[in-house]
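Colleague: I've got this model open and would like to talk it through with you. Could we go over a few of its features one by one?

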Amino acid sequence: MADDSDQEKTEQPTEKRLRESREKGDIPRSRDLSGAAVVMAGVAVLMTSGERAFEHARRIFSLGLGYSREALFSDTLPQRTLGAALHEALSLFSPVALATLLAALFAPILLGGLNFSGKALEPKFERLNPIEGLGRIFAMRGLVELAKALLKVIFIGGVLAMLLRHWQDALQATGRGSVATGIAQAMGLLGQSALWFGGILALLGGIDAVYQKYDHGKRLRMSRQEIKDEMKESEGSPEIKGRIRQVQMAQARRRMMQELPKADVVVVNPTHYAVALRYDDGRMGAPRVIAKGVDVLAMQIRQVAGSHHIPLVEAPPLARALYATTKLDQEIPAALYVAVAQVLVYVYQLKQAAAHGDAPPAAPNPEIDPDLMGPYR
């Protein structure tokens, strides 16, 4: 048999393989999609709080450009100015920082779902091997990541360069008017640039997310031999499973023989089939099969029934129908009520005749629908 490495991995991963992958922290992730979510979250906050952001930016510029005569000769001017500017900057960027932080935490859930793996935090000293590091760099996956990075730089850089060229006059105009007008124009250009940048990242992130999901599924694919080995490992070898079935059948047979002395009658075929019935009208809705068997097991049932003086009634069609339609410890189907009732009445009459010394009654010959016998016609 060929090794797993020689076989094509064309089968979809099993649930066990996927579960083990998640436990190791190996789930599809897209850095581009996360980056796009972070940028778009920041842009959304800036656009929804434009007036507030403009006011904080205006105060920061005012702190650096306007001083009174008394303030210029004060020893605490640098500290006061720096503290005020820092406070305004924090007020300006704290909503953006909070939004981008939440986006960075929740964006990965969009692709791979929520997952925490302690194994992913374990140190892997083999990554310190420079030879293996070069192998990862020049592997197909490393080359794909390098190509993606180059395409992102070229695409994003080209688009932003075109925007700067398009906005050249607007950028130069920001320094010609008043401070308030310049700040408003600069904030507007910054917002539009960030919006373009976020849109480009979102497009690239969507493409990368599809690729990452495909690549993750491809890496987890299995060969048919791997699936067979996994099934054998999880469920056991056929020899062990066969041995377990033998033990279970032996235990069930033992329990059946222990219940057999409680039977009211054993319907036989007369040699190949034997079905033991018990009926308690106070606790059962219908007679119940407590033992059944064919050939050797049927012979053992007849022997046990004879040693416990349980009547044997020869009714071949009924014996086969009971064996085909009713499992152990289950009540007989309604279609066999009349036939089994005739047998139970016969057993009762037989006991009455034996008690009074009368002649035994004639054995019943119940009619059975051949379809009820199934494969045992």
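**Patch, pair and helices**

Modeller: Let's start on the surface: helix α5 (residues 77-106) gives the nonpolar patch its largest share, 5 residues. Bear in mind that this is a predicted model, where local features need pLDDT of at least 70, side-chain atom pairs count only at pLDDT 80 or more, and totals for chains, interfaces and linings use all residues. Residues are numbered from 1 along each chain as its sequence is written, and side-chain values use heavy atoms, with hydrogens and water left out.

Colleague: Is L105 buried or exposed?

Modeller: L105 sits in helix α5 and is one of the residues making the nonpolar surface patch of about 570 Å². Buried means under 20% relative accessible area, exposed over 50%, and partly exposed in between (1.4 Å probe, protein chains only). With a relative accessible area of 54%, L105 is exposed.

Colleague: How are the planes of Y273 and Y323 set in their aromatic pair, stacked or edge-to-face?

Modeller: The structure holds 1 aromatic pair (ring centres within 6.5 Å; planes under 30 degrees apart are stacked, over 60 edge-to-face, the rest tilted). The ring centres of Y273 and Y323 are 5.6 Å apart and their planes stand at 75°, so the pair is edge-to-face.

Colleague: And how many residues apart are Y273 and Y323?

Modeller: Y273 is buried at 13% relative accessible area, and Y323 also counts as buried, at 18%. Y273 belongs to strand β2 (residues 273-278) and Y323 to helix α14 (residues 316-325); helices (H or I, at least four residues) and strands (E, at least two) are DSSP runs, numbered from the N terminus. The pair links distant parts of the chain, 50 residues apart.

Colleague: What arc do the buried residues of α13 cover?

Modeller: The buried residues of α13 are L297, A298, I301, R302 and A305. An α-helix has 3.6 residues a turn, so residues three or four places apart point the same way. Those buried residues lie on the same side of α13, because their arc (taken from the directions from the helix axis to the C-beta atoms) is only 145°.

Colleague: Which exposed residues does the other face of α13 carry?

Modeller: Helix α13 covers residues 296-307 and reaches 17 Å from its first C-alpha to its last, close to the 16 Å expected. Just after α13, H309 takes a positive phi of about 55°. On the face turned away from the buried side of α13, the exposed residues are V296 and Q303.

Definitions and conventions
Expected span 1.5 Å × (residues − 1). Patch = residues over 30% accessible without salt bridge, like charges linked within 9 Å, V, L, I, M, F, W, Y side chains within 5 Å. Areas by Shrake-Rupley, 256 points an atom, 1.4 Å probe, with all protein chains shown as cover. Salt bridge = Lys/Arg side-chain N within 4 Å of Asp/Glu carboxyl O. Phe/Tyr/Trp six-rings, centres within 6.5 Å; stacked < 30°, edge-to-face > 60°.
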